[in-house]
Amino acid sequence: MTTHRRRALRAYYTFRLIAPFVYTMWLTVATLYFASVVTSDPFRLATLAVMLEAATLLFEVPTGVLADSFSRKWSIVVGYLIWGGGYLLQALTPDYGIVLLSQAVWGLGFTFVSGAPEAWLVDELGQDEALPLLLRGSQIGQVSTAVGIVVATVLGAINVALPIAVGGIATILLALLLALIMPEHGFQPATRGTGGPKALAATLRASLLELKRRDALRALVFVGLVIGVSVGGYDALYAPHILQNYAIPFFEPVIWFGILFGCVTVLSIPVLELAKRWLQGSRGRQTATILAWFAAGTVLSNLAFVWAQDFYLLAIAYCLGQTLRTVTKPLFMAWINEHTPSEVRATVISMYWQSNALGQILAAPVWGALANMLSLRIALTGASLSLAPVVRIYRSRRFKDTELS
């Protein structure tokens with residue numbers, strides 16, 4: 001093993017070990033923090049999600065172009081510095097206006113990071129290793145997530161904002177660590193001999209040309225839009241649905257949220273392993289089929305979560321749906337990396353996240369208003385069913401792996 005490959009693997013595994021932990025510190029308590037401390041109004045909760053996604057929509061492609069044109073390593077480092085600052089701002093006060101602003105700040109940080117780690121990994125270690133390493137990294141991330149859930153739950157029992165503050169500090173420290181240990185030798189800028197705005201414009205043109213040439217890449221942008229429409233409602237409203245529609249037994253809500261997140265993490269590890277082995281056996285030809293089955297299972301599980309009459313049935317349905325959703329992301333990112341040229345890979349991934357953000361911006365206020373006018377269950381049902389079109393897209397000819405060569 002070469003020194004460079006050893007350094008790249010060490011940096012990648014360090015990233016996959018720490019990044020999910022610090023993100024989980026926020027994720028485990030954020031929805032509960034929003035719904036129980038900041039505001040209980042469904043429309044205002046949806047607006048918090050809109051602010052986050054608005055920042056993603058505004059900055060996703062420009063930051064992706066920066067990553068493709070200048071440096072993926074430094075895009076990640078800068079992104080995590082901003083990201084951590086957003087967490088800290090959010091934890092300072094439960095004031096709705098401050099929390100709204102913090103969503104925009106960490107949304108900006110997210111756009112610097114999204115797509116860049118996957119593109120960096122392929123550049124440094126080669127495309128042939130990308131799929132197994134991405135899936136193995138996700139498995140490591142699930143273990144790290146499990147630890148983060150436990151820590152966040154313990155801290156959240158003291159003060160629900162405390163894990164968010166600790167997560168912010170840890171995210172900033174992660175950025176500094178990656179700046180020191182992350183190599184970048186395989187990166188080739190999307191354009192050579194130009195700099196500044198010309199380089200950015202050339203990279204963006206190359207990305208748009210790639211999307212125009214490949215039907216499947218256009219399909220993935222539409223997939224992002226549909227997923228955004230669905231999760232924009234589900235993620236904003238599932239916490240108030242649990243808090244307002246069910247008698248929570250035995251423990252405080254923060255303990256139950258930690259238990260639910262922990263179950264999702266434990267279930268995701270073997271499911272990822274099964275998916276990895278299936279894909280290795282088929283040499284990647286079945287990725288779209290697996291994505292279709294996972295999407296269908298997510299829709300059915302989410303509907304069961306919404307209409308469960310018993311808290312424990314609700315918990316089971318939630319865990320199943322979120323497990324399928326968790327496993328889908330690395331599979332989908334691996335599919336994009338496999339079929340997108342290196343020089344525009346981060347930008348294309350950014351376009352996916354931008355379409356996802358657009359879907360959330362368009363739909364989240366609608367789902368929030370519907371919850372206020374009718375009920376949380378009706379709004380969540382609509383959000384769950386709106387994911388169904390991606391099943392057909394995954395199974396269509398234009399999304400099949402064999403159509404991309």
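Which residues does Ile164 touch, not counting residues up to four places away in sequence? Keep that question in mind; point 2 answers it. Here are some notes to read alongside the model.

1. **The whole chain.** Please remember throughout that this is a predicted model. The protein chain has 15 helices and zero strands, so helices will be our landmarks. Of its 405 residues, 58% are buried. Take the contacts between residues at least 6 apart in sequence: 86% of them join residues at least 24 apart.

2. **Ile164, the residue in the opening question.** You will find Ile164 in helix 7, which covers residues 162-181. Its relative accessible area is 0%, so Ile164 is buried. Now for the answer: leaving out residues up to four places away in sequence, Ile164 touches Met25, Trp26, Val29, Tyr33, Tyr87, Gln90 and Ala91. One of these partners, Gln90, is 74 residues away along the chain, and the C-alpha atoms of Ile164 and Gln90 are separated by 7.5 Å.

3. **Thr153.** Move back along the chain to helix 6 (residues 130-158), where Thr153 is found. Is Thr153 buried or exposed? Its relative accessibility is 12%, and buried means under 20%, so Thr153 counts as buried. Apart from residues up to four places away in sequence, Thr153 touches Thr28, Val254, Ile255 and Gly258.

4. **The nonpolar core.** The largest nonpolar core has 110 residues. Phe34, Tyr80, Phe305, Tyr318, Phe332 and Tyr394 are the ones with the most contacts inside this core. Helix 1 (residues 3-38) supplies the largest share of the core, with 15 residues. Try selecting Tyr318 in the viewer: setting aside its neighbours within four places in sequence, Tyr318 is in contact with Tyr234, Tyr238, Leu260, Phe261, Val264 and Phe305.

5. **A helix pair to look at.** Helix 11 (residues 287-307) and helix 14 pack with their axes 9 Å apart, at an angle of about 175°. How are the two helices oriented, roughly parallel or roughly antiparallel to each other? Angles over 145 degrees count as roughly antiparallel, so that is the description for helix 11 and helix 14. On the helix 11 side, the residues that meet helix 14 are Val299, Asn302, Leu303, Val306 and Trp307. Their counterparts in helix 14 are Arg377, Ile378, Leu380, Thr381, Ser384 and Leu385. The residues of this contact divide into seven nonpolar, three polar and one charged.

6. **More on helix 14.** Helix 14 spans residues 376-385 and is mostly covered, with seven of its 10 residues buried. Those buried residues are Leu376, Arg377, Ala379, Leu380, Thr381, Ala383 and Ser384.

7. **The salt bridge.** How many salt bridges does a search of the whole structure find? The search finds one. Arg325 forms a salt bridge with Asp235, and the closest N and O atoms are 2.7 Å apart. Arg325 lies in helix 12 (residues 311-338) and Asp235 in helix 9 (residues 215-245), so the pair ties together parts that are 90 residues apart in sequence. Arg325 is partly exposed, at a relative accessible area of 29%. Asp235 also counts as partly exposed, with 28% relative accessibility.

8. **Leu225, also on helix 9.** Leu225 is found in helix 9 and is partly exposed, with a relative accessible area of 24%. Leaving out residues up to four places away in sequence, Leu225 touches Ser355, Asn356, Leu358 and Gly359. Leu225 and Leu387 are 162 residues apart in sequence, yet 9.8 Å apart in space, C-alpha to C-alpha.

9. **A backbone detail at Phe250.** Most residues other than glycine have a negative phi. Phe250 is not a glycine, but its phi is positive, near 70°. Phe250 sits in the loop between helix 9 and helix 10 (253-282). With 73% relative accessibility, Phe250 counts as exposed.

10. **Arg395.** Finally, look at helix 15 (residues 389-395), where Arg395 lies. Arg395 is partly exposed, and its relative accessible area is 47%. Along the chain, Arg395 and Leu291 are 104 residues apart, while their C-alpha atoms are separated by 8.7 Å.

Notes: Residues numbered from 1 in each chain as written. Predicted model: local features only at pLDDT ≥ 70, side-chain atom pairs only at ≥ 80, totals over all residues. Heavy atoms only, no water. Helix = DSSP H or I, 4+ residues; strand = E, 2+ residues; numbered from the N terminus. Buried < 20%, exposed > 50% of the residue type's maximum accessible area, 1.4 Å probe, protein only. Contact = heavy atoms within 4.5 Å. Axes fitted to C-alpha atoms, helices over the stretch in contact; angles between N-to-C directions. Parallel < 35°, antiparallel > 145°, perpendicular 65-115°, else oblique. Nonpolar A, V, L, I, M, F, W, Y, C, P; charged D, E, K, R; others polar. Core = buried A, V, L, I, M, F, W, Y, C linked by side-chain atoms within 4.5 Å. Salt bridge = Lys/Arg side-chain N within 4 Å of Asp/Glu carboxyl O.
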